[in-house]
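Subject: Structure handover

Hello,

Here is the structure for you to look over. My notes on it follow below.

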Amino acid sequence: MKNKKRVYTFGDRKAEGNASMKNLLGGKGANLAEMNLIGVPVPPGFTITTEVCTEYNEIGKEKFIELIKSDVKSAIKKTEKLLGVFFGSEEDPLLVSVRSGARVSMPGMMDTVLNLGLNDHTVEAIARKTGNERFAWDSYRRFVQMYGDVVLGMKPESKDDIDPFEKIMEEVKRNNNIADDTELSVDLLRALVVRFKAAVTAQTGKKFPSDPWEQLWGAITAVFDSWNTERAVYYRKINKIPHEWGTAVNVQAMVYGNMGNRSATGVAFSRDAATGENNLNGEYLVNAQGEDVVAGVRTPQEITLKGSKKWAENQNVSEKVRKEKYPSMEEIMPKAYKELFDIQHKLENHYNDMQDIEFTIQQGKMWLLQTRNGKRTGKAMIRIAMEMLDEKRIDEKEVLMRMEPEKIDELLHPIFDVKAMAEANVLTRGLPASPGAASGQLVFFADECNKYEKVILARIETSPEDLEGMNIANGILTARGGMTSHAAVVARGMGKCCVSGAGEAIIDYKKRTLTIGKKVYREGTWISLNGSTGEVYKGEIETIKPKVSGNFDRLLKLSDRYSRMCVRTNADTPHDSMVARDFGAKGIGLCRTEHMFFEGDKIIAMREMILADDTDGREEALSKLLIMQQKDFEGIFEAMQGLPVTVRLLDPPLNEFVPHNSKGQMEMADAMEVSLETIQLKVKELEESNPMLGN
Amino acid sequence: METEETIDHLVGTMIEIPRAALTADAIAESAEFFSFGTNDLTQMTFGYSRDDVGKFLPIYLDKGILKNDPFAVLDQEGVGQLIKMAVEKGRQTRPDIKLGICGEHGGEPSSIDFCHRVGLDYVSCSPYRVPIARLAAAQATIREDMNNTNLVK
């Protein structure tokens with residue numbers, strides 16, 4: 001046990017791990033190592049393995065720290081050496097981020113701590129070194145808040161409770177007539193740190209830890225603990241991720257996207273995660289930290305000029321305003337844009353799959369924080385794989401093995417009927433965050449998604465707590481947040497229709513209303529979303545079933561060339577047979593004749609047969625049935641065009657064909673021209689004490 | 001209307017109770033195909049009433065007593081073994097017997113993989129699952145090929 005390698009370092013184009021070690025290092029850790037190996041700039045740091053997570057759960061915090069202390073200390077030393085800064089130093093302090101990273105990505109489900117290593121002394125050193133006192137104190141106040149929430153358990157448990165830090169923030173802003181966080185002065189930030197710490201002591205009875213090592217152990221164990229939070233457990237359940245996998249922990253030197261106007265942070269996809277189209281896309285914010293982009297607090301801007309123009313059109317923003325207020329990264333940071341473009345290209349060539357990238361530009365220097373195979377819709381999954389086949393990057397077997405069969409289901413989801421959509425009333429537009437068509441009644445809280453049979457969940461923005469409701473809802477609408485917001489990413493992963501960042505929509509949680517212009521829509525109002533165009537409609541819109549065509553058709557034909565078994569369908573009617581043929585069924589594996597007998601006139605003939613006392617009577621009734629049944633079979637055989645049809649001979653649960661209430665029995669007696677007693681006697685005769693088992 | 005035309009057809013049976021699987025060799029003497037009705041076969045093998053399962057299955061799943069709903073994901077250890085046995089016995093008696101599955105499981109990817117491995121000729125599922133089944137059947141073939149190659153190495 002003692003000699004087991006528990007910590008893997010990386011930095012400056014070297015790494016102890018690599019991309020094949022996802023089980024041990026988690027997806028994030030393995031890719032951070034790999035990026036170093038292929039020469040992509042990554043802030044140095046180290047990964048604590050997923051196996052350690054299991055050990056931690058077995059032996060507890062104290063013993064765990066003993067076990068791992070020397071490994072972590074030497075890993076920190078390596079990072080210090082690479083950067084020339086030192087953990088806890090009052091001259092040149094090293095600050096780190098502590099993040100989770102399981103084998104497969106679980107976006108937003110587990111905890112993160114940023115800016116770790118700050119205290120009353122190191123904050124002054126950071127202020128001196130950057131010449132930016134405000135930045136240093138803003139980072140410190142963010143750290144105390146984040147550490148308090150994540151590690152010290154200050155985060156409120158229910159949506160009705162108020163975050164104690166937010167409460168203090170609101171108060172300070174109100175007293176000083178400040179609307180935006182960015183207007184807080186250095187003095188106010190200093191005061192905030194003091195009040196935040198006092199709030200920690202008041203609630204937990206302990207002082208906020210100022211020793212960076214104590215902070216680090218706290219953060220590492222908190223990230224391990226977050227593997228078992230309710231929302232993480234639920235996420236694993238719906239995504240079928242085993243609970244015993246555990247998470248790795250990544251500790252990395254901090255880089256800052258909020259060090260002024262030459263700094264920025266963003267998220268990019270090497271291809272379109274919604275449609276699969278081959279173009280770089282994503283969002284960024286100048287002078288911001290990573291969480292600001294994903295959380296949907298500020299309106300993120302598009303990375304490419306093309307994307308920016310499309311965004312402006314969707315949001316009804318004029319070209320003049322777009323250029324002034326929301327310019328693309330391609331326009332205002334051309335050098336960084338070029339660098340990002342080359343890196344995403346390099347990463348895609350290396351991994352041969354669409355990449356989801358997080359980056360930070362610190363005073364003009366590009367750093368990659370993460371790359372992973374991007375989550376995508378079923379449609380994008382197919383298009384990307386088929387195009388990569390055409391580009392000769394992957395072979396046919398790889399295309400097929402990359403497919404997640406359940407995601408195919410999304411392509412069979414209903415789409416809006418074109419005619420009905422043309423007549424529908426467009427209320428507003430947002431971003432086409434996740435394709436699909438959904439109608440439902442408005443609800444405003446994730447835990448109320450059961451309120452109606454079909455709901456549209458409308459939120460200002462979503463958070464990981466909303467996951468369960470998002471899964472139940474037919475569609476998701478958010479007022480804020482872009483294409484990479486929590487709502488958008490999660491919805492695409494679920495294959496759920498989502499319109500995000502509908503800027504004209506004003507959502508009032510207290511009144512439970514959605515206001516667009518002067519119109520107010522209350523909870524329970526029917527609305528419809530088109531996740532492919534971003535349009536929001538009034539009322540319910542008729543849907544139709546989609547057809548198999550294009551890349552989808554190519555993929556299925558490719559499948560048939562490789563499979564040994566063939567696929568048939570279970571169909572009892574000509575209509576079902578036609579549908580299955582269109583989807584490529586090679587015959588019928590089960591056609592149940594008894595289902596035919598429940599319809600219309602057929603049940604009467606069936607009952608005559610049941611009531612018949614002798615063979616002659618039965619045959620007479622059956623001859624009536626024959627004519628009716630023949631028509632059904634003709635339709636089925638026609639649809640199947642000579643393909644095999646397996647017909648199950650009549651296996652009738654006789655008691656299901658007779659009425660069990662007196663009204664029905666009286667009607668049957670009249671129709672059959674027999675006495676009620678005869679019917680009741682027959683029903684009694686057919687009664688089964690254990691109908692589940694054979695008769 | 002009677003005509004002189006004859007239509008090629010096979011006469012076979014569904015295998016949906018455990019006894020049918022156990023005596024498949026004898027049944028195959030007269031049956032030219034088997035179609036596994038895994039909904040009922042699961043019900044009878046587990047002794048779970050399909051119509052009442054909603055009352056207790058969520059608890060079983062929550063407590064980890066069952067890993068999956070056996071009516072959605074074929075129970076390979078139990079029900080699957082009955083299928084495997086019936087396939088072997090059926091082929092013993094009648095080497096060219098046609099074998100397929102027509103329960104809900106015929107459209108579920110991990111169950112389709114199992115059907116491929118035990119050597120069924122086809123899976124049959126509801127119309128809207130057909131595209132998923134086509135893909136899953138291809139994956140099952142490729143997966144088996146890859147495993148065989150690894151074994152040779």
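This is a predicted model, so please read everything below in that light. I start with helix α4 of chain A, which spans residues 122–130. Its buried residues are Thr122(A), Val123(A), Ala125(A), Ile126(A) and Ala127(A). The cover over the buried residues of α4(A) includes β5 (93–94) and α5 (133–150) of chain A. After α4(A) comes Gly131(A), which has a positive phi, near 65°.

Next, the loop that leads into this helix. Asn119(A) lies in the loop between β7 and α4 of chain A. With a relative accessible area of 8%, Asn119(A) falls under the 20% cut-off and therefore counts as buried. From its side chain there is a polar contact to the backbone nitrogen of His121(A), at 2.9 Å. If neighbours within four places in sequence are left aside, Asn119(A) touches Tyr140(A), Ser210(A) and Pro212(A).

The sheet: six strands of chain A make an open sheet, ordered β2-β1-β3-β8-β6-β7, with antiparallel pairing. Its edges are β2 (14–15) and β7 (112–116) of chain A, each of which pairs on one side only.

- At the β2 edge, β1(A), residues 7–11, is joined to β2(A) by two bridges, and the two strands run antiparallel. Phe10(A) has Ala15(A) in β2(A) as its bridge partner.
- At the β7 edge, β6(A), residues 96–102, pairs with β7(A) in the antiparallel sense over three bridges. Here Arg99(A) is partnered by Thr112(A) in β7(A).
- Is edge strand β7(A) mostly covered or mostly uncovered? It is mostly covered, with five of its five residues buried.

Further along the chain there is parallel pairing to look at. Strand β28(A), residues 588–592, has four of its five residues buried. Two bridges link it in parallel to β27(A), residues 566–570, and Thr569(A) stands opposite Ile588(A) of β28(A). β28(A) also pairs in the parallel sense with β29(A), residues 645–648, over three bridges. There the bridge partner of Ile588(A) is Val645(A) in β29(A). Ile588(A) thus appears in the pairing with Thr569(A) and in the pairing with Val645(A).

Two helix pairs are worth setting out. Two packed helices are described by the angle between their axes and the distance between the axes.

For α5(A) and α6(A), the latter being residues 164–175, the packing angle is about 150° and the axes are 10 Å apart. Angles over 145 degrees count as roughly antiparallel, so α5(A) is roughly antiparallel to α6(A). On the α5(A) side the contact is made by Arg141(A), Val144(A), Gln145(A), Gly148(A) and Asp149(A), and on the α6(A) side by Phe165(A), Glu166(A) and Met169(A).

For α25(A), residues 662–672, and α26(A), residues 676–686, the axes come within 8 Å and cross at roughly 120°. This angle makes α25(A) oblique to α26(A). The crossing of α25(A) past α26(A) is right-handed. Gln665(A), Met666(A), Met668(A) and Ala669(A) of α25(A) meet Leu676(A), Ile679(A), Gln680(A) and Val683(A) of α26(A).

Regards

Technical notes:
Residues numbered from 1 in each chain as written. Chains lettered and ligands numbered in written order. Predicted model: local features only at pLDDT ≥ 70, side-chain atom pairs only at ≥ 80, totals over all residues. Heavy atoms only, no water. Buried < 20%, exposed > 50% of the residue type's maximum accessible area, 1.4 Å probe, protein only. Contact = heavy atoms within 4.5 Å. Pairing = 2+ DSSP bridges. Polar contact = N/O pair within 3.5 Å; in protein donor to acceptor, adjacent residues only side chain to side chain. Axes fitted to C-alpha atoms, helices over the stretch in contact; angles between N-to-C directions. Parallel < 35°, antiparallel > 145°, perpendicular 65-115°, else oblique. Left-handed = near helix turned anticlockwise from the far one by under 90°.
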